[in-house]
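Student: I have a new structure open and don't know where to begin. Can we walk through it together?

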Amino acid sequence: MAHLTGRRAEERGGAPPVAAAIRAFLAFAGDAVLVAHNARFDMAFLDGEAVRLTGGRVAATVVDTVG
């Protein structure tokens with residue numbers, strides 16, 4: 001089954017399920033400011049999965065370096 005990356009399980013080489021990866025990332029990030037180039041793109045994925053898993057969007061402050 002394809003998930004966040006569009007790749008099948010055998011193509012992900014033992015990577016954790018999306019839910020586990022998102023939860024681990026959010027725990028790691030804590031209340032830090034997230035900095036990304038073209039953050040809207042990345043946050044669309046993170047927010048989508050966060051809403052699916054928790055019912056809420058990522059609460060972090062996001063700084064986009066694309067501007």
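**A first walk through the model**

Student: Let's start with a valine. Where is Val33?
Tutor: Keep in mind that this is a predicted model. Val33 sits in the loop between helix H1 (18–29) and strand E1 (34–36).

Student: Is Val33 buried or exposed?
Tutor: In between. Its relative accessibility is 48%, so Val33 counts as partly exposed.

Student: Which residues make a nonpolar surface patch with it?
Tutor: Val35 and Val63 join Val33 there. The patch covers about 250 Å².

Student: Now the inside. Which residues form the largest nonpolar core?
Tutor: That core has 8 residues. They are Val18, Ile22, Ala29, Leu34, Met43, Leu46, Ala50 and Val58.

Student: Which elements give two or more residues to this core?
Tutor: H1 and H2 do.

Student: OK, charges. How many salt bridges does the structure hold?
Tutor: There are 2. In one of them, the side chains of Arg57 and Asp47 meet, at 3.0 Å from N to O.

Student: Why does that pair tie together separate parts?
Tutor: Arg57 lies in the loop between H2 and strand E2 (62–64), while Asp47 is in helix H2, so the bridge links parts that are 10 residues apart in sequence.

Student: And is Asp47 buried or exposed?
Tutor: Buried. The cut-off is under 20% relative accessible area, and Asp47 has 10%, so the label fits.

Student: What about Arg57, buried or exposed?
Tutor: Exposed, because its relative accessible area is 63%.

Student: What does Asp47 touch, not counting residues up to four places away in sequence?
Tutor: Arg57 and Val58. Arg57 is its salt-bridge partner, and Val58 belongs to the largest nonpolar core.

Student: Which residues does helix H2 span?
Tutor: Residues 39–54, and Asp47 is among them.

Student: Which side chain meets Arg52 in a salt bridge?
Tutor: Glu49, at 2.8 Å from N to O. Both residues lie in helix H2. They are 3 residues apart, about one turn of the helix.

Student: Is Glu49 buried or exposed?
Tutor: Buried, because its relative accessible area is 14%. Arg52 has 54% relative accessibility, so Arg52 counts as exposed.

Student: Switching topic. How many aromatic pairs does a search of the whole structure find?
Tutor: Just 1. Phe41 and Phe45 form it, with ring centres 5.1 Å apart.

Student: Why is the pair edge-to-face?
Tutor: Planes over 60 degrees apart count as edge-to-face. The ring planes of Phe41 and Phe45 are at 75°, so the pair gets that name.

Student: Where do Phe41 and Phe45 lie?
Tutor: Both are in helix H2. They are 4 residues apart, about one turn of the helix.

Student: Is Phe41 buried or exposed?
Tutor: Exposed, because its relative accessibility is 52%. Phe45 has a relative accessible area of 36%, so Phe45 is partly exposed.

Student: Last one. What is the phi of Asn38?
Tutor: It is positive, about 65°, although Asn38 is not a glycine. Most residues other than glycine have a negative phi.

Student: Where is Asn38 found?
Tutor: In the loop between E1 and H2. At 36% relative accessibility, Asn38 counts as partly exposed.

Technical notes
Residues numbered from 1 in each chain as written. Predicted model: local features only at pLDDT ≥ 70, side-chain atom pairs only at ≥ 80, totals over all residues. Heavy atoms only, no water. Contact = heavy atoms within 4.5 Å. Patch = residues over 30% accessible without salt bridge, like charges linked within 9 Å, V, L, I, M, F, W, Y side chains within 5 Å. Areas by Shrake-Rupley, 256 points an atom, 1.4 Å probe, with all protein chains shown as cover. Salt bridge = Lys/Arg side-chain N within 4 Å of Asp/Glu carboxyl O. Buried < 20%, exposed > 50% of the residue type's maximum accessible area, 1.4 Å probe, protein only. Core = buried A, V, L, I, M, F, W, Y, C linked by side-chain atoms within 4.5 Å. Phe/Tyr/Trp six-rings, centres within 6.5 Å; stacked < 30°, edge-to-face > 60°.
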